[in-house]
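Work through the exercises below with the sequence and the model open. Try each task before reading its solution.

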Amino acid sequence: MDLVSLINDFRSSTQACSGGEGEAVGPLAPSDALAVAPATSGAQLQRDLQASGYRPAKLQAISVSGLANAQAAMSALRQRYCSALRSDEFAEIGVSRQGSTWQVLLAKPLLSPNLGDWQEAGKAILERVNEARANPRKCGRQTFEAAPALRWNDQLAQAALDHSRDMANQDYFSHQAPDGSQVSDRASRAGYKWSRIGENIAAGQGSVEQAVAGWLASPGHCANIMRPDFTEMGAAYATNPDSAAVSYWTQVFGTPR
């Protein structure tokens with residue numbers, strides 16, 4: 001697995017930095033603009049980011065040296081920068097390597113004040129998901145063959161919208177809502193009669209492209225996207241400028257009875 005996948009796999013776990021159990025956090029979307037060469041100073045990094053055109057709302061740069069591969073780099077990062085890797089303040093990531101030195105840039109993008117109609121965004125997510133399913137893909141250590149395209153379903157979209165709005169309005173990030181409900185409950189409430197159900201969530205991404213890129217770069221979320229036994233999907237986002245992440249994205253996968 002590459003370093004981005006390893007970091008997203010770590011973020012999706014419930015392993016807290018203190019060694020106990022914690023909350024999973026959303027996947028980070030890879031950004032080419034953040035994958036600048038390891039910098040020798042903050043001033044150089046700032047110049048490199050300006051040249052790449054990236055304007056973060058929040059940025060943290062971390063680096064480790066003397067490590068031969070991604071697994072070794074991940075082990076060092078977990079020991080030294082666990083809190084940053086698991087922070088819900090970041091939504092994008094850039095990784096670069098020069099010899100045995102690895103640089104990781106964690107960033108929160110500046111969000112557009114208007115991401116457009118939620119249903120149009122949801123159908124744009126479906127389009128990108130079907131593009132991903134059209135080709136074989138490796139999700140972490142799992143390999144998937146190409147899968148049939150998913151169909152849009154309004155009930156699944158409503159379940160996705162309800163959860164995105166609930167996360168935004170109540171300022172939390174979890175598959176389990178404060179009332180204890182899970183995706184299966186939300187889909188049933190929306191009137192969907194399912195035999196299989198699944199859900200991906202993300203927070204902080206500023207566009208459809210970023211949200212899908214984050215899911216595809218996270219082994220578990222990617223596996224949901226590629227599962228051949230799902231046949232339908234709905235997706236939506238919601239925003240709340242007073243919440244921690246501002247934007248919340250949900251996609252719900254289903255197979256009807």
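## Exercise 1: a helix pair

α1 and α3 are oblique to each other (oblique covers angles that are not under 35 degrees, over 145 or from 65 to 115). The model is predicted: local features need pLDDT of at least 70, side-chain atom pairs count only at pLDDT 80 or more, and totals for chains, interfaces and linings use all residues. Residues are numbered from 1 along each chain as its sequence is written, and side-chain values use heavy atoms, with hydrogens and water left out.

Task: find the angle and the hand of the crossing of α1 and α3, then list the residues that meet.

Solution.
- Step 1. Locate the helices: α1 is residues 3-12, and α3 is residues 70-85. Helices are DSSP runs of H or I with at least four residues, strands are runs of E with at least two, and both are numbered from the N terminus.
- Step 2. Take the axes, which are lines fitted to C-alpha atoms, for helices over the stretch in contact; angles run from 0 to 180 degrees between N-to-C directions. The axes of α1 and α3 come within 10 Å and cross at roughly 45 degrees.
- Step 3. Assign the hand. The crossing is right-handed (the near helix is turned clockwise from the far one by less than a right angle).
- Step 4. List the contacts (heavy atoms within 4.5 Å). From α1 come L3, L6, I7, F10 and R11; they meet A70, Q71, A73, M74, L77, R78, C82, A84 and L85 of α3.
- Step 5. Sort by class. The contact of α1 with α3 has 11 nonpolar, one polar and two charged residues. Nonpolar means Ala, Val, Leu, Ile, Met, Phe, Trp, Tyr, Cys and Pro; charged means Asp, Glu, Lys and Arg; the others, Gly among them, are polar.

## Exercise 2: the sheet beside α3

Task: give the strand order of the sheet that holds β1 and β2, and place α3 on it.

Solution.
- Step 1. Trace the pairs; two strands pair if DSSP finds at least two bridges between them. The order is β1-β3-β4-β2, in an open sheet of four strands with mixed pairing.
- Step 2. Mark the edges. β1 (29-30) and β2 (56-64) each pair on one side only.
- Step 3. Check one pair. β1 runs parallel to β3 (residues 92-98) over two bridges. A29 has E92 as its bridge partner in β3.
- Step 4. Add the helix. α3 lies across β2 and β4 (101-109), at about 135 degrees to β2.

## Exercise 3: another sheet and its helices

Task: order the strands β7 to β10, then describe how α4 and α7 cross.

Solution.
- Step 1. The open sheet of four strands reads β7-β9-β10-β8, with mixed pairing. β7 (151-152) and β8 (194-203) each have a single partner strand, so one side of each lacks a neighbour in the sheet.
- Step 2. β9 and β10 pair antiparallel over eight bridges. A238 stands opposite Y248 in β10.
- Step 3. α4 lies across β7, β9 and β10, at about 135 degrees to β9. α7 lies across β8 and β10, at about 60 degrees to β10.
- Step 4. The axes of α4 (residues 118-133) and α7 (residues 208-216) come within 10 Å and cross at roughly 40 degrees. α4 is therefore oblique to α7.
- Step 5. The contact joins A121, A124, I125, R128 and A132 of α4 with V208, E209, V212, W215 and L216 of α7. By class there are eight nonpolar, no polar and two charged residues.
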